[in-house]
Amino acid sequence: MSVAVSKGSLRGWHVFAMLAGFFLTVAAVDAVLITKAVFTFSGDTADAYRKGVAYNRTLQEEADQNRLGWHESRTLDSKTGRLAIALTDENRQPIDGLLVKAEIGRATTDIFDRRFDLVPTGNGTYAADIPGLSEGTWTLSVTAAEKDKVVYRSRERIWKQP
């Protein structure tokens, strides 16, 4: 008995060619996406290697700050956008004479990040107006320097009410 093969039938090598073509296409698309991802990603941290090597210094600075026993209280007036930060020592005495800077931004993007200086208003309080700050959760990073040396750092989430 003989088997007749029609001219337009699907043969084994056709199936193999379609399968191989499919996987080659997937591999080519993957290669393009991986290449674009690797060459366009600048990394999360500028100069991450040097910051990693200096991590022990960062830990020492944090321990030094904890030994100071300073306390921070912050208020954000949602109506006016005025941020006030009060710094006190371990005895709850106000700390004056610092150069206080802050950065505020969203946790998910750096598009809305803003840097600003806080001016001393007396009694250990430093303040700044932040106009146009929209509602929601913000990350506030504060640094206080004394004689060009950072002596205090904090990073907290704050909420601006609607």
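Begin with the second largest pocket: select E103, D113, R115, S141 and R155, which lie nearest its centre among 22 lining residues. A pocket here is an open set of points on a 1 Å grid over the protein atoms alone, where a 1.4 Å probe fits and protein stands on both sides within 12 Å along at least five of seven lines; lining residues have an atom within 4 Å of a point. The model is predicted, so local features need pLDDT of at least 70 and side-chain atom pairs count only at pLDDT 80 or more, whereas totals for chains, interfaces and linings use all residues. Residues are numbered from 1 along each chain as its sequence is written, and side-chain values use heavy atoms, with hydrogens and water left out.

The space in this second largest pocket amounts to about 500 Å³, a volume being the space filled by probe spheres set on the points, which are joined across faces, edges and corners. Colour the strands β3 (99-105), β4 (114-122), β6 (136-146) and β7 (149-160) next, since each supplies at least two residues of the lining. The largest share, five residues, comes from β3. Strands (E, at least two residues) and helices (H or I, at least four) are DSSP runs numbered from the N terminus.

Move now to Q65, in helix α3 (residues 55-68). Q65 counts as buried because its relative accessibility is 17%; buried means under 20% relative accessible area, exposed over 50% and partly exposed in between, with a 1.4 Å probe and protein chains only. Show V151, Y152 and R153 as well: Q65 touches these residues, not counting residues up to four places away in sequence. Contact means heavy atoms within 4.5 Å.

Two loop residues follow. R92 is found in the loop between β2 (82-88) and β3. Its phi is near 65 degrees, a positive value in a residue other than glycine, and R92 is exposed, with a relative accessible area of 53%. Select N123 afterwards, in the loop between β4 and β5 (125-129). N123 is not a glycine, yet has a positive phi of about 60 degrees; N123 is exposed at 59% relative accessible area.

Finish at helix α1 (residues 12-40), where F22 lies. F22 is partly exposed, with a relative accessible area of 48%. Together with L19, F23 and V26, F22 makes a nonpolar surface patch of about 390 Å². Patches consist of residues with over 30% relative accessible area and no salt bridge, like charges being joined within 9 Å and nonpolar side chains (Val, Leu, Ile, Met, Phe, Trp, Tyr) within 5 Å. Accessible areas come from the Shrake-Rupley method with a 1.4 Å probe, and for residues only the protein chains shown count as cover. A salt bridge is a side-chain nitrogen of Lys or Arg within 4 Å of a carboxyl oxygen of Asp or Glu.
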